[in-house]
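Biologist: I should like a close look at one part of this model, followed by an account of how that part relates to the rest of the chain. Please give the cut-off behind each term as it arises.

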Amino acid sequence: MGPAVGVVAFQGAWREHRNTLESLGASVRLLRRPEDLEGVSGVVLPGGESTVIGRFLEQSGLAPALRASLEERTALLATCAGAILACREVEGSPPQGRLGLVPARAVRNAYGGQRESFEADLPWEGGDSLRGIFIRAPRFEDLGEGTRVLARHRGEPVAFLWNRCLLCAFHPELGEDLRVHRRFLDLCPS
Ligand SMILES: NC(=O)CC[C@H](N)C(=O)O
């Protein structure tokens, strides 16, 4: 049996994350209230619309609970809108409804709107490429101390690690490659 992981399930691509994690043997719990966090060793904050997910995080009380559990021990996989919510700073956005933990700045929609969505081959951790799917993706800037870049697109970081947090500008849950989710499961404390 793999680790128990929670997927924040308010809006966005949470079903795809759940399916991918279950295919890797994780036992998945959907997170909508603070008490749902009990016993999970990793959390996925999916892509979608960061302002909407952020509002739900605040209203449900999950934001402070999640922040506390991430500071303590839980691993995080945050993709696209989820990664925006995880960053300490977001260009042009007020701080409400964000976890604001990871030392980096996210610039929303930095690669263009929905119609500028694209796919790119990204060498993953210096090895074989994986296919990244970018949909209104953020750009990460000013990565702080303790961060480690896992993938770049045209020289810019599009996936990076900080402590047990893995942030990704693209959507690994929409592709076939399981390496990002595997990497996240490896970060989950047993
Ligand atoms: N695919 C996505 O998650 C897009 C994120 C969206 N641009 C936002 O700012 O919330």
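**Strand β6 and its surroundings**

Modeller: Strand β6 (residues 102-107) has two faces: V102, A104 and A106 form the covered one, while P103, R105 and V107 form the uncovered one. In a regular strand, side chains alternate between the two faces of the sheet. The model is predicted: local features need pLDDT of at least 70, side-chain atom pairs count only at pLDDT 80 or more, and totals for chains, interfaces and linings use all residues. Residues are numbered from 1 along each chain as its sequence is written. Strands (E, at least two residues) and helices (H or I, at least four) are DSSP runs, numbered from the N terminus.

Strand β6 pairs with β5 and with β9; two strands pair if DSSP finds at least two bridges between them. With β5 (residues 87-90), strand β6 runs parallel, joined by three bridges; E89 has R105 as its bridge partner there. With β9, the pairing is antiparallel, again over three bridges, and V107 has R139 as its bridge partner.

The V102 end also leads to a loop. E145 lies in the loop between β9 (139-141) and β10, and its C-alpha atom is 9.8 Å from that of V102, although the two are 43 residues apart along the chain. E145 has 6 other C-beta atoms within 10 Å and is therefore exposed. On this scale a residue is exposed with 12 or fewer other C-beta atoms within 10 Å of its own, buried with 20 or more, and partly exposed in between, the C-beta atoms being placed from the backbone.

V102 is also touched by A86, whose partners beyond four places in sequence are L45, L76, A78, L99, L101, V102, C165 and L167. Such a contact requires the C-beta atoms, placed from the backbone, to lie within 7 Å. In the largest nonpolar core, which has 59 residues, A86 is one of five that touch the most other members, with L76, A83, L167 and A169. Helix α4 gives the most to this core, with five residues. A nonpolar core is here a set of buried Ala, Val, Leu, Ile, Met, Phe, Trp, Tyr and Cys residues joined through C-beta atoms within 7 Å.

Several partners of A86 lead to the open sheet. This sheet has seven strands in the order β2-β1-β3-β4-β12-β11-β10, with mixed pairing. At its edges stand β2 (27-31) and β10 (147-153); each has a single partner strand, so one side of each lacks a neighbour in the sheet. From one strand to the next the twist averages 20°. Strands β3 (residues 42-45) and β4 pair in the parallel sense over four bridges, and L45 stands opposite A78 in β4. Helix α1 (residues 14-23) packs on the sheet, touching β1 (4-8), β2 and β3, and its direction makes about 165° with that of β1. Helix α5 also packs on the sheet, where it touches β3, β4 and β12, at about 160° to the direction of β12. These angles run from 0 to 180 degrees between N-to-C directions, with axes fitted to C-alpha atoms, for helices over the stretch in contact.

The annotated positions can now be placed. UniProt, in an unreviewed entry, puts the feature "active site" at C80, H171 and E173. These cluster in space, with a largest C-alpha distance of 11.0 Å, although they are spread over 94 residues of sequence. UniProt positions follow the numbering used here, feature names are shortened, and annotations may be inferred rather than shown by experiment. C80 lies in the loop between β4 (75-79) and α4 (81-86). It counts as buried because it has 30 C-beta neighbours inside 10 Å. Beyond four places in sequence, the contacts of C80 include I135, A169 and H171. E173, in the loop between β12 (165-168) and α5 (179-187), is likewise buried, with 27 C-beta neighbours inside 10 Å.

For "binding site", the unreviewed UniProt entry lists G48, E49, S50, R108, I135 and R136. R136 is found in the loop between β8 (129-134) and β9. Its 19 C-beta neighbours inside 10 Å are why R136 counts as partly exposed. Leaving aside neighbours within four places in sequence, R136 is in contact with N109, G113 and Q114.

Methods
Two residues are in contact if their C-beta atoms, placed from the backbone, lie within 7 Å.
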